[in-house]
Amino acid sequence: MLLGSAATFLVTAVVTAQAAAVAPIASESRIKRDSATGFEWDPENFKVAAVRKPPVGFVYHALSDQSTWWNYDLNATIAQSVEMIHQAAAEGTKFIAFPELYFPGYPAFRTPNGPKDFEQYVSQTMEPDGPEWKTLMQAFADTKMYGVVGWAQRANNSLFMTQSLVGPFANGSAGTIWKHEKFRPSGTERSLYSDGLLNTIRAQRLPFGTVSMRQCWEHVYPESHFIGSAQPANLHVASFPFGNDVPEADGAGTPYAYWRAAAIGYQAGAAGSPAMILPTAGAATIFAHQGSPLNESLSNSKESTDAMPYITAVYNTTALWQDVAYSVNDWYSYGALKHIIEGLPDGMPRRSGPFFGRILFTIRQFTTGYIWPPTLSCTPTSRWPCIKIWPERIEKDFMA
(Lines give C-alpha, C1' and ligand atoms only; values in the text may rest on other atoms or scores of the structure.)
Protein backbone atom coordinates (compact mmCIF):
# COMPACT_ATOMS: atom_id res chain seq x y z
CA MET A 1 0.00 0.00 0.00
CA LEU A 2 1.31 3.43 -0.90
CA LEU A 3 1.76 5.97 1.88
CA GLY A 4 1.53 9.74 1.74
CA SER A 5 -0.97 12.55 1.56
CA ALA A 6 -2.56 14.27 -1.40
CA ALA A 7 -0.81 17.48 -0.40
CA THR A 8 2.55 15.97 -1.20
CA PHE A 9 1.44 14.75 -4.60
CA LEU A 10 2.39 17.76 -6.69
CA VAL A 11 1.11 17.82 -10.23
CA THR A 12 1.25 20.27 -13.06
CA ALA A 13 -0.99 19.88 -16.11
CA VAL A 14 0.51 20.86 -19.41
CA VAL A 15 -1.54 21.09 -22.58
CA THR A 16 0.48 20.08 -25.60
CA ALA A 17 -0.36 21.38 -29.05
CA GLN A 18 1.47 20.72 -32.26
CA ALA A 19 3.42 23.89 -31.67
CA ALA A 20 5.92 22.05 -29.50
CA ALA A 21 6.31 23.19 -25.94
CA VAL A 22 9.77 23.36 -24.41
CA ALA A 23 10.44 20.44 -22.08
CA PRO A 24 10.96 21.40 -18.43
CA ILE A 25 14.59 21.99 -17.52
CA ALA A 26 15.52 19.46 -14.87
CA SER A 27 18.31 19.58 -12.38
CA GLU A 28 21.09 17.19 -13.37
CA SER A 29 21.29 16.03 -9.77
CA ARG A 30 17.77 14.58 -9.76
CA ILE A 31 17.81 12.87 -13.19
CA LYS A 32 17.61 9.11 -12.83
CA ARG A 33 18.92 6.62 -15.36
CA ASP A 34 18.10 2.95 -15.81
CA SER A 35 21.47 1.33 -16.40
CA ALA A 36 19.95 -1.60 -18.31
CA THR A 37 18.10 0.39 -20.99
CA GLY A 38 19.53 3.91 -20.79
CA PHE A 39 16.06 5.30 -20.03
CA GLU A 40 16.35 8.64 -18.23
CA TRP A 41 13.66 10.52 -16.35
CA ASP A 42 13.12 13.31 -13.87
CA PRO A 43 11.06 11.96 -10.93
CA GLU A 44 9.78 15.44 -10.14
CA ASN A 45 8.70 16.14 -13.73
CA PHE A 46 7.49 12.85 -15.15
CA LYS A 47 5.52 13.73 -18.25
CA VAL A 48 2.80 11.46 -19.66
CA ALA A 49 0.57 11.73 -22.73
CA ALA A 50 -2.91 10.49 -23.67
CA VAL A 51 -3.48 10.12 -27.42
CA ARG A 52 -6.72 11.64 -28.73
CA LYS A 53 -6.15 12.03 -32.47
CA PRO A 54 -8.26 9.30 -34.15
CA PRO A 55 -6.89 6.57 -36.41
CA VAL A 56 -6.65 7.76 -40.01
CA GLY A 57 -10.09 8.02 -41.58
CA PHE A 58 -12.06 7.29 -38.40
CA VAL A 59 -15.77 8.20 -38.55
CA TYR A 60 -17.52 9.13 -35.29
CA HIS A 61 -20.91 7.59 -34.59
CA ALA A 62 -23.10 6.64 -31.67
CA LEU A 63 -21.86 3.54 -29.89
CA SER A 64 -25.21 1.91 -30.61
CA ASP A 65 -24.78 2.51 -34.36
CA GLN A 66 -23.30 -0.75 -35.63
CA SER A 67 -23.57 0.03 -39.35
CA THR A 68 -21.10 2.89 -39.89
CA TRP A 69 -18.05 1.58 -41.71
CA TRP A 70 -14.84 3.13 -42.94
CA ASN A 71 -11.89 1.54 -44.72
CA TYR A 72 -9.10 1.06 -42.21
CA ASP A 73 -5.54 2.06 -43.05
CA LEU A 74 -3.04 0.49 -40.67
CA ASN A 75 0.12 1.86 -42.30
CA ALA A 76 -1.23 5.42 -42.36
CA THR A 77 -2.22 5.16 -38.69
CA ILE A 78 1.21 3.80 -37.78
CA ALA A 79 2.90 6.66 -39.67
CA GLN A 80 0.70 9.14 -37.82
CA SER A 81 1.55 7.48 -34.49
CA VAL A 82 5.29 7.40 -35.14
CA GLU A 83 5.12 11.15 -35.73
CA MET A 84 3.20 11.64 -32.49
CA ILE A 85 5.67 9.53 -30.50
CA HIS A 86 8.64 11.51 -31.78
CA GLN A 87 6.87 14.82 -31.23
CA ALA A 88 5.88 13.89 -27.67
CA ALA A 89 9.42 12.71 -26.90
CA ALA A 90 10.86 16.00 -28.16
CA GLU A 91 8.61 17.75 -25.65
CA GLY A 92 9.88 15.63 -22.77
CA THR A 93 7.17 12.95 -22.64
CA LYS A 94 8.32 9.67 -21.11
CA PHE A 95 5.09 7.62 -21.31
CA ILE A 96 2.34 7.66 -23.95
CA ALA A 97 -0.99 5.80 -23.89
CA PHE A 98 -3.10 4.90 -26.95
CA PRO A 99 -6.87 4.18 -27.04
CA GLU A 100 -8.39 0.72 -27.22
CA LEU A 101 -7.97 -0.93 -30.65
CA TYR A 102 -6.24 2.17 -31.99
CA PHE A 103 -4.46 -0.01 -34.54
CA PRO A 104 -6.23 -0.11 -36.95
CA GLY A 105 -9.33 1.34 -35.20
CA TYR A 106 -12.58 0.36 -33.49
CA PRO A 107 -14.98 -1.24 -36.02
CA ALA A 108 -18.74 -1.54 -36.47
CA PHE A 109 -20.14 -5.04 -36.24
CA ARG A 110 -23.40 -5.14 -38.22
CA THR A 111 -22.62 -3.37 -41.50
CA PRO A 112 -24.50 -3.74 -44.80
CA ASN A 113 -21.57 -5.57 -46.38
CA GLY A 114 -21.13 -7.71 -43.28
CA PRO A 115 -18.27 -10.22 -43.37
CA LYS A 116 -16.91 -8.61 -46.54
CA ASP A 117 -16.15 -5.54 -44.46
CA PHE A 118 -14.55 -7.75 -41.85
CA GLU A 119 -12.14 -9.07 -44.47
CA GLN A 120 -10.94 -5.52 -45.07
CA TYR A 121 -10.54 -5.01 -41.33
CA VAL A 122 -8.52 -8.21 -40.89
CA SER A 123 -6.21 -7.12 -43.72
CA GLN A 124 -5.31 -4.06 -41.63
CA THR A 125 -4.56 -5.87 -38.35
CA MET A 126 -1.11 -6.73 -37.01
CA GLU A 127 0.58 -9.96 -36.05
CA PRO A 128 2.93 -10.09 -33.06
CA ASP A 129 6.39 -8.98 -34.21
CA GLY A 130 5.18 -8.47 -37.78
CA PRO A 131 6.68 -5.71 -39.97
CA GLU A 132 4.07 -3.10 -38.98
CA TRP A 133 4.61 -3.83 -35.30
CA LYS A 134 8.37 -3.50 -35.74
CA THR A 135 7.91 -0.11 -37.40
CA LEU A 136 5.90 1.10 -34.42
CA MET A 137 8.38 -0.33 -31.91
CA GLN A 138 11.26 1.40 -33.69
CA ALA A 139 9.70 4.73 -32.72
CA PHE A 140 9.72 3.66 -29.06
CA ALA A 141 13.32 2.50 -29.43
CA ASP A 142 14.43 5.76 -31.06
CA THR A 143 12.85 7.82 -28.28
CA LYS A 144 13.47 5.44 -25.36
CA MET A 145 9.84 5.96 -24.39
CA TYR A 146 7.42 3.68 -22.56
CA GLY A 147 3.74 3.35 -23.43
CA VAL A 148 0.59 1.28 -23.77
CA VAL A 149 -0.55 0.32 -27.27
CA GLY A 150 -4.14 -0.75 -28.01
CA TRP A 151 -4.40 -2.98 -31.06
CA ALA A 152 -6.30 -5.75 -32.86
CA GLN A 153 -3.92 -8.70 -32.65
CA ARG A 154 -4.06 -11.40 -35.32
CA ALA A 155 -2.77 -14.64 -33.83
CA ASN A 156 -3.50 -18.35 -34.25
CA ASN A 157 -6.09 -17.55 -36.94
CA SER A 158 -8.16 -15.49 -34.49
CA LEU A 159 -8.44 -11.81 -33.50
CA PHE A 160 -7.87 -10.52 -29.96
CA MET A 161 -8.44 -7.11 -28.38
CA THR A 162 -4.94 -6.46 -27.08
CA GLN A 163 -3.07 -4.00 -24.89
CA SER A 164 0.71 -4.12 -24.92
CA LEU A 165 2.92 -2.39 -22.40
CA VAL A 166 5.99 -1.49 -24.43
CA GLY A 167 9.33 0.18 -23.86
CA PRO A 168 13.08 0.17 -24.44
CA PHE A 169 15.26 -2.93 -24.08
CA ALA A 170 18.90 -3.30 -23.08
CA ASN A 171 19.98 -4.07 -26.66
CA GLY A 172 18.75 -0.70 -27.93
CA SER A 173 15.52 -2.02 -29.41
CA ALA A 174 12.00 -1.72 -27.96
CA GLY A 175 9.13 -4.14 -27.68
CA THR A 176 6.50 -5.81 -25.54
CA ILE A 177 7.13 -5.91 -21.80
CA TRP A 178 3.70 -7.35 -21.05
CA LYS A 179 0.66 -8.21 -23.17
CA HIS A 180 -2.96 -8.43 -22.11
CA GLU A 181 -5.75 -9.77 -24.31
CA LYS A 182 -9.20 -8.55 -23.25
CA PHE A 183 -10.60 -11.49 -21.37
CA ARG A 184 -14.22 -10.93 -22.39
CA PRO A 185 -15.05 -8.71 -25.40
CA SER A 186 -18.29 -6.79 -24.81
CA GLY A 187 -21.58 -7.33 -26.63
CA THR A 188 -21.17 -7.18 -30.40
CA GLU A 189 -17.36 -7.09 -30.02
CA ARG A 190 -17.78 -10.85 -29.72
CA SER A 191 -18.65 -10.88 -33.42
CA LEU A 192 -14.95 -10.42 -34.28
CA TYR A 193 -12.79 -10.96 -31.21
CA SER A 194 -12.12 -14.12 -29.24
CA ASP A 195 -11.78 -14.24 -25.47
CA GLY A 196 -8.46 -13.56 -23.78
CA LEU A 197 -7.34 -14.72 -20.34
CA LEU A 198 -7.71 -13.28 -16.86
CA ASN A 199 -4.18 -14.28 -15.89
CA THR A 200 -2.76 -11.66 -18.26
CA ILE A 201 -4.13 -8.92 -15.98
CA ARG A 202 -0.86 -8.17 -14.21
CA ALA A 203 0.69 -4.88 -13.02
CA GLN A 204 4.27 -4.46 -14.19
CA ARG A 205 7.16 -2.82 -12.36
CA LEU A 206 9.13 -0.41 -14.54
CA PRO A 207 12.13 1.79 -13.64
CA PHE A 208 9.91 4.77 -12.77
CA GLY A 209 7.04 2.93 -11.07
CA THR A 210 4.46 0.16 -11.39
CA VAL A 211 1.97 0.30 -14.29
CA SER A 212 -1.36 -1.48 -14.71
CA MET A 213 -3.69 -1.45 -17.71
CA ARG A 214 -7.19 -2.51 -18.64
CA GLN A 215 -9.53 -2.08 -21.60
CA CYS A 216 -12.96 -0.48 -21.60
CA TRP A 217 -15.60 -2.52 -19.76
CA GLU A 218 -12.95 -4.64 -18.03
CA HIS A 219 -13.10 -1.79 -15.53
CA VAL A 220 -16.65 -2.93 -14.75
CA TYR A 221 -16.70 -6.71 -15.15
CA PRO A 222 -16.47 -8.19 -11.62
CA GLU A 223 -13.60 -10.58 -12.34
CA SER A 224 -11.29 -8.17 -14.14
CA HIS A 225 -12.24 -5.30 -11.83
CA PHE A 226 -11.33 -7.27 -8.73
CA ILE A 227 -8.17 -8.89 -10.08
CA GLY A 228 -6.90 -5.58 -11.44
CA SER A 229 -7.84 -3.52 -8.39
CA ALA A 230 -6.11 -6.00 -6.07
CA GLN A 231 -2.72 -5.30 -7.67
CA PRO A 232 -1.12 -2.09 -6.35
CA ALA A 233 0.05 0.30 -9.08
CA ASN A 234 1.37 3.85 -9.37
CA LEU A 235 -0.06 4.53 -12.83
CA HIS A 236 -3.08 2.95 -14.50
CA VAL A 237 -3.95 3.14 -18.22
CA ALA A 238 -7.69 2.89 -18.88
CA SER A 239 -7.94 2.50 -22.67
CA PHE A 240 -11.38 3.07 -24.20
CA PRO A 241 -12.23 3.19 -27.94
CA PHE A 242 -13.59 6.64 -28.81
CA GLY A 243 -15.03 9.69 -27.10
CA ASN A 244 -17.39 11.82 -29.12
CA ASP A 245 -20.28 14.24 -28.86
CA VAL A 246 -22.76 11.95 -30.64
CA PRO A 247 -25.43 11.04 -28.05
CA GLU A 248 -26.77 7.53 -27.70
CA ALA A 249 -30.27 6.71 -28.92
CA ASP A 250 -31.50 5.89 -25.40
CA GLY A 251 -30.69 9.31 -23.94
CA ALA A 252 -28.46 12.33 -23.96
CA GLY A 253 -25.36 10.47 -22.77
CA THR A 254 -22.33 10.17 -25.02
CA PRO A 255 -19.88 7.26 -25.04
CA TYR A 256 -17.17 9.27 -23.30
CA ALA A 257 -19.48 10.10 -20.39
CA TYR A 258 -19.83 6.35 -19.77
CA TRP A 259 -16.12 5.67 -20.19
CA ARG A 260 -15.09 8.45 -17.82
CA ALA A 261 -17.49 7.36 -15.09
CA ALA A 262 -16.38 3.72 -15.35
CA ALA A 263 -12.69 4.65 -15.16
CA ILE A 264 -13.16 6.92 -12.14
CA GLY A 265 -15.16 4.21 -10.38
CA TYR A 266 -12.34 1.75 -10.97
CA GLN A 267 -9.66 4.16 -9.81
CA ALA A 268 -11.48 5.01 -6.58
CA GLY A 269 -10.87 1.65 -4.93
CA ALA A 270 -7.83 0.32 -6.75
CA ALA A 271 -4.90 -0.69 -4.57
CA GLY A 272 -2.09 1.82 -4.56
CA SER A 273 -4.41 4.73 -5.45
CA PRO A 274 -2.88 4.99 -8.93
CA ALA A 275 -2.78 8.06 -11.11
CA MET A 276 -4.67 7.34 -14.33
CA ILE A 277 -4.54 8.03 -18.06
CA LEU A 278 -7.79 7.72 -20.05
CA PRO A 279 -7.10 7.87 -23.81
CA THR A 280 -9.82 7.65 -26.46
CA ALA A 281 -10.10 8.81 -30.06
CA GLY A 282 -11.42 12.32 -29.50
CA ALA A 283 -11.77 13.01 -25.80
CA ALA A 284 -9.07 12.21 -23.24
CA THR A 285 -8.36 12.84 -19.56
CA ILE A 286 -5.32 12.51 -17.31
CA PHE A 287 -6.14 12.13 -13.61
CA ALA A 288 -4.33 12.61 -10.33
CA HIS A 289 -4.32 9.68 -7.95
CA GLN A 290 -7.69 10.54 -6.38
CA GLY A 291 -9.79 11.08 -9.50
CA SER A 292 -9.37 14.79 -10.06
CA PRO A 293 -8.56 15.68 -13.68
CA LEU A 294 -5.20 17.29 -14.34
CA ASN A 295 -5.77 17.81 -18.04
CA GLU A 296 -8.79 17.06 -20.18
CA SER A 297 -10.11 17.64 -23.67
CA LEU A 298 -13.72 16.78 -24.49
CA SER A 299 -13.74 17.97 -28.10
CA ASN A 300 -13.59 15.53 -30.99
CA SER A 301 -13.52 18.05 -33.84
CA LYS A 302 -10.88 17.44 -36.49
CA GLU A 303 -9.51 20.93 -35.93
CA SER A 304 -9.04 20.16 -32.24
CA THR A 305 -7.43 16.73 -32.61
CA ASP A 306 -5.16 17.93 -35.43
CA ALA A 307 -3.95 20.86 -33.35
CA MET A 308 -3.66 18.80 -30.16
CA PRO A 309 -3.14 15.12 -31.06
CA TYR A 310 -2.56 14.25 -27.41
CA ILE A 311 -2.83 15.88 -24.02
CA THR A 312 -0.11 15.77 -21.40
CA ALA A 313 0.38 16.18 -17.68
CA VAL A 314 3.41 16.20 -15.42
CA TYR A 315 3.58 14.10 -12.24
CA ASN A 316 5.87 14.59 -9.30
CA THR A 317 6.47 10.92 -8.56
CA THR A 318 8.75 11.34 -5.55
CA ALA A 319 5.94 11.64 -3.02
CA LEU A 320 3.56 8.75 -3.70
CA TRP A 321 5.16 6.66 -6.43
CA GLN A 322 6.97 4.48 -3.92
CA ASP A 323 7.50 0.75 -4.16
CA VAL A 324 4.11 -0.94 -4.08
CA ALA A 325 3.25 -4.06 -2.14
CA TYR A 326 0.12 -6.09 -1.52
CA SER A 327 -1.88 -5.27 1.59
CA VAL A 328 -4.17 -7.55 3.57
CA ASN A 329 -6.29 -4.48 4.39
CA ASP A 330 -7.18 -3.14 0.92
CA TRP A 331 -10.77 -3.11 -0.29
CA TYR A 332 -9.64 -5.48 -3.01
CA SER A 333 -7.67 -8.16 -1.18
CA TYR A 334 -7.99 -11.81 -0.21
CA GLY A 335 -9.99 -10.84 2.87
CA ALA A 336 -12.55 -9.05 0.70
CA LEU A 337 -12.77 -12.02 -1.66
CA LYS A 338 -13.31 -14.31 1.32
CA HIS A 339 -16.10 -12.04 2.55
CA ILE A 340 -17.77 -12.17 -0.86
CA ILE A 341 -17.72 -15.97 -0.97
CA GLU A 342 -18.94 -16.30 2.61
CA GLY A 343 -21.67 -13.72 2.08
CA LEU A 344 -23.32 -15.30 -0.97
CA PRO A 345 -27.02 -16.04 -0.44
CA ASP A 346 -28.00 -19.64 0.17
CA GLY A 347 -30.18 -19.76 -2.92
CA MET A 348 -27.35 -18.95 -5.34
CA PRO A 349 -26.26 -22.05 -7.33
CA ARG A 350 -22.64 -23.04 -6.60
CA ARG A 351 -21.76 -23.84 -10.20
CA SER A 352 -20.61 -22.07 -13.36
CA GLY A 353 -22.73 -21.69 -16.48
CA PRO A 354 -21.55 -21.75 -20.12
CA PHE A 355 -21.08 -17.96 -20.12
CA PHE A 356 -17.84 -18.42 -18.19
CA GLY A 357 -16.19 -20.75 -20.69
CA ARG A 358 -13.51 -19.26 -22.92
CA ILE A 359 -14.73 -18.82 -26.49
CA LEU A 360 -12.34 -18.93 -29.45
CA PHE A 361 -13.36 -18.69 -33.08
CA THR A 362 -11.50 -18.23 -36.33
CA ILE A 363 -11.12 -15.41 -38.81
CA ARG A 364 -12.59 -17.69 -41.47
CA GLN A 365 -15.76 -18.10 -39.41
CA PHE A 366 -16.51 -14.38 -39.02
CA THR A 367 -15.57 -13.57 -42.62
CA THR A 368 -18.04 -16.11 -44.02
CA GLY A 369 -21.03 -15.32 -41.79
CA TYR A 370 -22.24 -13.36 -38.77
CA ILE A 371 -21.03 -14.69 -35.44
CA TRP A 372 -24.17 -14.89 -33.29
CA PRO A 373 -23.60 -14.19 -29.60
CA PRO A 374 -26.52 -15.26 -27.40
CA THR A 375 -29.01 -12.50 -26.41
CA LEU A 376 -28.04 -10.45 -29.50
CA SER A 377 -30.10 -10.40 -32.67
CA CYS A 378 -28.81 -11.91 -35.89
CA THR A 379 -30.73 -11.82 -39.17
CA PRO A 380 -29.33 -14.15 -41.83
CA THR A 381 -29.33 -12.99 -45.44
CA SER A 382 -29.14 -14.83 -48.73
CA ARG A 383 -25.41 -14.12 -48.66
CA TRP A 384 -24.46 -14.36 -44.98
CA PRO A 385 -25.63 -17.01 -42.52
CA CYS A 386 -25.70 -16.60 -38.75
CA ILE A 387 -23.04 -18.77 -37.11
CA LYS A 388 -23.59 -20.01 -33.56
CA ILE A 389 -20.35 -20.75 -31.78
CA TRP A 390 -21.72 -21.14 -28.27
CA PRO A 391 -23.18 -24.44 -27.02
CA GLU A 392 -26.61 -25.17 -28.49
CA ARG A 393 -28.02 -26.09 -25.09
CA ILE A 394 -27.72 -22.94 -23.01
CA GLU A 395 -29.60 -21.58 -20.04
CA LYS A 396 -32.25 -18.95 -20.77
CA ASP A 397 -30.44 -16.28 -18.73
CA PHE A 398 -27.18 -16.70 -20.62
CA MET A 399 -25.58 -13.30 -21.28
CA ALA A 400 -22.83 -12.31 -23.69
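**Cut-offs and conclusions**

Modeller: Arginine 184 and aspartate 195 are both buried. The model is predicted, and local features need pLDDT of at least 70, side-chain atom pairs count only at pLDDT 80 or more, while totals for chains, interfaces and linings use all residues. Residues are numbered from 1 along each chain as its sequence is written, and side-chain values use heavy atoms, with hydrogens and water left out.

Colleague: Why is aspartate 195 called buried?

Modeller: Buried means under 20% relative accessible area, exposed means over 50%, and partly exposed lies in between (1.4 Å probe, protein chains only). Aspartate 195 has a relative accessible area of 1%, so it is buried.

Colleague: What makes arginine 184 and aspartate 195 a salt bridge?

Modeller: The term requires a side-chain nitrogen of Lys or Arg within 4 Å of a carboxyl oxygen of Asp or Glu. For arginine 184 and aspartate 195 the N to O distance is 3.1 Å, and the pair is therefore a salt bridge. Both residues lie in the loop between β8 and β9, so the pair ties together parts that are 11 residues apart in sequence. Strands such as these are DSSP runs of E with at least two residues, helices are runs of H or I with at least four, and both are numbered from the N terminus.

Colleague: How do you know that serine 212 and histidine 236 make a polar contact?

Modeller: A polar contact is a pair of N or O atoms within 3.5 Å; within protein, one must be able to donate a hydrogen and the other to accept it, and residues adjacent in sequence count only if both atoms are side-chain atoms. The side chains of serine 212 and histidine 236 are joined at 2.8 Å, so the distance condition is met. Serine 212 belongs to strand β10 (residues 209-215) and is buried, at 5% relative accessible area.

Colleague: How do you know that cysteine 378 and cysteine 386 form a disulfide?

Modeller: Their sulfur atoms are 2.0 Å apart, and a disulfide is a pair of cysteine sulfur atoms within 2.5 Å. The count by this rule is 1 disulfide. The link of cysteine 378 and cysteine 386 is left-handed, with -100° about the S-S bond. Cysteine 378 is buried, with a relative accessible area of 12%.

Colleague: What makes glutamate 44 and arginine 30 a salt bridge, and how many salt bridges does the count come to?

Modeller: The side chains of glutamate 44 and arginine 30 meet at 3.4 Å, N to O, and therefore satisfy the salt-bridge rule. Glutamate 44 lies in the loop between β3 (40-41) and β4 (46-51) and arginine 30 in the loop between β1 (11-14) and β2 (32-33), so parts 14 residues apart in sequence are tied together. The rule gives 13 salt bridges, and a network of them links Arg30, Asp42 and Glu44.

Colleague: Why is glutamate 44 called partly exposed, and why is arginine 33 called exposed?

Modeller: Glutamate 44 has a relative accessible area of 36%, which puts it in the partly exposed class. Arginine 33 has 54% and is therefore exposed. The side chains of arginine 33 and glutamate 40 meet in a salt bridge (3.4 Å, N to O).

Colleague: Why does glycine 92 count as buried?

Modeller: Glycine 92 has 19% relative accessibility, so it counts as buried. It is found in the loop between α1 (74-90) and β5 (93-97).
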